[in-house]
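Q: Please take a close look at one chain of this model. I would like to know how chain B is built and how its parts touch.

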Amino acid sequence: MANRDHLGEFEHIVLLAVLRLADHAYGVTVRQEIEERISREVSIGAIYATLDRLERKGYVKSQLGEPTAERGGRSKRFFRVTAKGVSAVNRAQHAFQKMIQGLDSVRSYS
Amino acid sequence: MPQERIGQQPPIAVWLVDQFTPYNQAEAIPGDLLEEFSDIASRQGIASARRWYWRQSVKTIAHLIADGLRVASWLIVSSTVGACLLGWCLFWLTETTVNVVLHRYHVYHHVSAPVFWLVYALLVERLVNPMFMGGMVGLVVKGRELPAAITLSFFIGISSALGLVLMATADTPRGFPSWHGDAMVHLRILRPLLVTTFLSPIMIVIGGVIVRKVRSAQNRMDKISG
């Protein structure tokens, strides 16, 4: 049966970044995590557009932190991955592994 | 230390990002940009941080427009169609009102009718009415006022430009001086049309910005009052 809730490549990357950052996942840290790990320059707008989409799908939840002076009195928006999000990541990883199996030209990282 | 950086970001970039940010991200996106700006400014200097801020702002706005069009596509399309219908109603209303005033006060005795129409009536039809249309789509598409106003202005801009090309290549209407032979007449008649054709899309966006400003102020007031 076709699963319409599949993850896009960037959605997958953002979800993994939020999982890695645990309680410290907000726009700046997610952006920096992606840049440092895969050397891909992304904008804050791309991060929030993706996180918003993931929140609508129920894969992440967000909450506002306390306003801080160094952010001009603005709050951070913290994200955490839901159980549905974790299973979506697992499903995507599983699908990748299945597709890679037997392909000599592609290295398996598991 | 980072507090010293507040107000040192490029003000136009800050303003633009504020206009395109949805209300649920109004705290997070500008706050994140300021936090990283402060960090880069203390490590690499203010000039480098400003360049980074501009680059991030342009990319962020592009993503916010694309996301707005994706999330609220049906609302934006229907409000664009609605605004076009409103535009036609306003066009008809302006023409009727101007006609009534012209015939009642015999303005044609004092000025040339074509010049009056092209300069005064067109100013209302092409500048004031589009601002109302931009305001209307802004009212309908809450939180994505600017992407909606830009979509409408793009549509109106292209259709106006096409109309202008068709008009310039068509025969001169009865009662108007011929614009094919005399270059000065051609310029005198087409110049206001040309100017207003390019100004109409800008006025639509200004209408959207006004609605956005009013809503942002209301949101701030609501937040302060708890």
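A: Here is a walk through chain B, ending with its contact with chain A. This is a predicted model, where local features need pLDDT of at least 70, side-chain atom pairs count only at pLDDT 80 or more, and totals for chains, interfaces and linings use all residues. Residues are numbered from 1 along each chain as its sequence is written, while chains are lettered from A and ligands numbered from 1 in the order in which they are written.

Chain B has seven helices and zero strands. Helices (H or I, at least four residues) and strands (E, at least two) are DSSP runs, numbered from the N terminus. Of the 226 residues in chain B, 32% are buried (20 or more other C-beta atoms within 10 Å of a residue's own, with C-beta atoms placed from the backbone).

The domain assignment, automatic or from a database, splits chain B into domain 1 (2-70) and domain 2 (72-225). Eight residues of domain 1 and twelve of domain 2 form their contact. Two residues are in contact if their C-beta atoms, placed from the backbone, lie within 7 Å. On the domain 1 side, helix H1 (11-20) and helix H3 (46-71) of chain B each supply at least two residues. H3(B) gives the most, with four residues. That side divides into five nonpolar, two polar and one charged. Nonpolar means Ala, Val, Leu, Ile, Met, Phe, Trp, Tyr, Cys and Pro; charged means Asp, Glu, Lys and Arg; the others, Gly among them, are polar.

Now the contact between the chains. Chain A brings 17 residues and chain B brings 22 residues. H3(A) holds the largest share of chain A's side, five residues.

Key. A residue is buried if 20 or more other C-beta atoms lie within 10 Å of its own, exposed if 12 or fewer, and partly exposed in between; C-beta atoms are placed from the backbone.
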